[in-house]
Amino acid sequence: MPLRPIDAVFVHPERRCYVIYHGGELWQLTRMKLDDASWWRRQPYRGDVSALYLSQRQYIDDFDLATKLRTLDLPKNLHGISFPKFEDWWLTHGFDWLKDIIIKGDSPLAAHSVEAKEKVSSATVNQPLSSTASSANNANSKPNDTQVSPSKPARSSSGNIFDDMLAELVDEVLNTP
C-alpha cells in the first residue's frame, strides 16, 4: 500500500544541523535554524543516514516554511530514534497511526498540536480560578460538528492554511484504497 511521503525534522548532532525528510528525500539545512531562508539554501544530504535522529520538536515556527513542510505530531516514543528505525516504523505503522488519529477527529499535524496547547494554556491563564478546570476540559473536547468522520473529511471554513492542509491529508488517508 503506497504511503504519502512524510515531512519530518531530523538532527545531525555531529554536524549540528537539521536534516529534513521531505518528498522521500533528505535535505540538509545550512544552519541550526528552521526558517524559509534556510530551506532556500538547502542541499541534498549525502552523509550516513544512521547519524540522523528524529528531532523532539517537529513544529516549525516560520509560517512560510510550515506551509511547505507538513510535519506531523509524531508519537513521543519515536523522538530521538535513528533515521533507519524511523523509516521502518513509518513503513510498518505510519498509515494505521495516521488513520487512527484522523478517525478520532484529532489533527496529526504538529502545527495543530502546538496551537491547541497554546489555546488551552491561554484559556487556563485568562479564566478565573473556579472555572479553570472546566474550561480546560472543554478546550480538550471537540464539538460534534468539527469531528472528522470516515465518510466526510473536514474542510476549512476559516481560511487557515493548516486547516486546509489537514483537510487534504484527511481526504488522502481516508480515500486510499
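How many helices and strands does the protein chain have? In this predicted model, local features need pLDDT of at least 70 and side-chain atom pairs count only at pLDDT 80 or more, while totals for chains, interfaces and linings use all residues. Residues are numbered from 1 along each chain as its sequence is written, and side-chain values use heavy atoms, with hydrogens and water left out.

The protein chain has 6 helices and 5 strands, taken as DSSP runs numbered from the N terminus (helices: H or I, at least four residues; strands: E, at least two). Starting at the N terminus, their order is β-β-β-α-β-β-α-α-α-α-α. Of its 177 residues, 40% are buried (under 20% relative accessible area; exposed is over 50% and partly exposed in between, with a 1.4 Å probe and protein chains only). Among contacts (heavy atoms within 4.5 Å) with a separation of 6 or more, 58% join residues 24 or more positions apart.

Turning to the interior, the largest nonpolar core (buried Ala, Val, Leu, Ile, Met, Phe, Trp, Tyr and Cys residues joined through side-chain atoms within 4.5 Å) has 29 residues, and Phe10, Leu72, Leu74, Phe86, Trp90 and Trp97 have the most contacts inside it. Helix 3 (83–104), helix 6 (161–174), strand 1 and strand 2 each supply at least two residues of this core, with helix 3 giving the most, 8 residues. Leaving aside residues up to four places away in sequence, Phe10 touches several residues, including Tyr18, Leu52, Phe83 and Phe86. A second, separate core of 11 residues includes Leu34, Trp39, Leu65 and Ala66.

One loop residue also deserves a look. Arg16 lies between strand 1 (8–12) and strand 2 (17–22) and is exposed, with a relative accessible area of 66%. Although not a glycine, Arg16 has a positive phi of about 50 degrees.
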